[in-house]
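Trainee: Please take me closely through one part of this fold and then through what surrounds it. I would like each term explained where it comes up.

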Amino acid sequence: MNASSHQPSDLRRTRAEKLADARLYLCIDSRSEQGDLEEFLHAAYEGGVDIIQLRDKRIEARAEIAALELLGDVARQHDKLFAANDRADVCLLTGADVFHVGQKDLTSEQVRRVLGPDVLLGRSNNSLVQFAESYADPELDYAVIGPVWETPTKPGRPAVGLDTVRAVAEHVANVGGDKPWWGIGGVNADTTPEVMAAGAQRIVVVRAIADAADPEAAARELKNLVG
């Protein structure tokens, strides 16, 4: 099922418009240790986060669904997007706006067979070759490149470096693409200017907000940096 071959529904159109405007994407776990998921989500969205993705490999499906349902409720209160990771069944059950996959997860065609055309779909990429393939895939709504720097959230994954970000930006310019793309991995308030200078216009962060003493302020600082 090719999402681009159908007349887009109002739901897909609204989601796509929000994605096009989005600049700051946050990945978090279920914050079971802190016990403050709802409070944290409100703070992050208030600070300017455009998309929040729940990614927690440590919890069972029922707990993941419950956390995503809470995320969805908060996202709707702020008129923002929320994302599920890896499991298409969980995405379907929770009505997530966005579904994100890695290189070894379901193919984009398989995802569309499960989720249909209305869910926005993105993929992580660890090289220019992978990125170019993802960017050309008509089923994908956005692509991510990284980790730009090594990060404990992706242990053992070598950094792609700023040169790859520059190469990605050049590739996008050469193909005349308008599909959103994001830099991820070691991105924080100190490194965001470097990623932006390399050509990225959007960033994905984890610890820069998740570990902040004041997540709303941390989000606001990052949002101001990306514009």
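Mentor: Helices (H or I, at least four residues) and strands (E, at least two) are taken here as DSSP runs and numbered from the N terminus. The structure is a predicted model, in which local features need pLDDT of at least 70 and side-chain atom pairs count only at pLDDT 80 or more, while totals for chains, interfaces and linings use all residues. Residues are numbered from 1 along each chain as its sequence is written, and side-chain values use heavy atoms, with hydrogens and water left out.

The part to look at is helix H7, residues 161–175. The expected span of a helix is 1.5 Å times one less than its number of residues; for the 15 residues of H7 that gives 21 Å, and the 22 Å between its end C-alpha atoms agrees with this. Buried means under 20% relative accessible area and exposed over 50%, with partly exposed in between (1.4 Å probe, protein chains only). By that measure, Leu-162, Thr-164, Val-165, Val-168, Ala-169 and Val-172 of H7 are buried. These residues lie on the same side of H7, because they cover an arc of only 155 degrees around the axis, the arc being that of the directions from the helix axis to the C-beta atoms. Asp-163, Glu-170 and Asn-174 are exposed, on the face of H7 turned away from the buried side. After the helix comes Gly-176, which has a positive phi near 65 degrees.

What lies over the buried side of H7 includes helix H6 (128–136), strand E6 (142–145), strand E7 (181–184) and helix H8 (192–197). In E7, Trp-181 deserves attention: setting aside residues up to four places away in sequence, Trp-181 touches Val-165, Val-168, Ala-169 and Val-172 among others, where contact means heavy atoms within 4.5 Å. Its other partners include Phe-131, Tyr-135, Ala-143 and Ile-145. Trp-181 is also one of the residues with the most contacts inside the largest nonpolar core, which has 54 residues; such a core is a set of buried Ala, Val, Leu, Ile, Met, Phe, Trp, Tyr and Cys residues joined through side-chain atoms within 4.5 Å. The largest share of this core, 6 residues, comes from helix H3 (residues 61–78). Another core, of 15 residues, lies apart from it, and Leu-19, Tyr-25, Val-144 and Val-206 are among its members.

In helix H8 we find Thr-192, which is buried, with a relative accessible area of 0%. Apart from neighbours within four places in sequence, Thr-192 is in contact with Val-187, Ile-203, Leu-222, Leu-225 and Val-226.

The strands named above belong to a closed barrel of 8 strands, in the order E1-E2-E3-E4-E5-E6-E7-E8, with parallel pairing; two strands pair if DSSP finds at least two bridges between them. Neighbouring strands of this sheet are turned by 25 degrees against each other on average, with direction ignored, where axes are lines fitted to C-alpha atoms, for helices over the stretch in contact, and angles run from 0 to 180 degrees between N-to-C directions. Strand E1 (residues 24–28) and strand E8 (residues 203–205) are paired in the parallel sense over 3 bridges, and here Leu-24 stands opposite Ile-203, the residue that Thr-192 also contacts.
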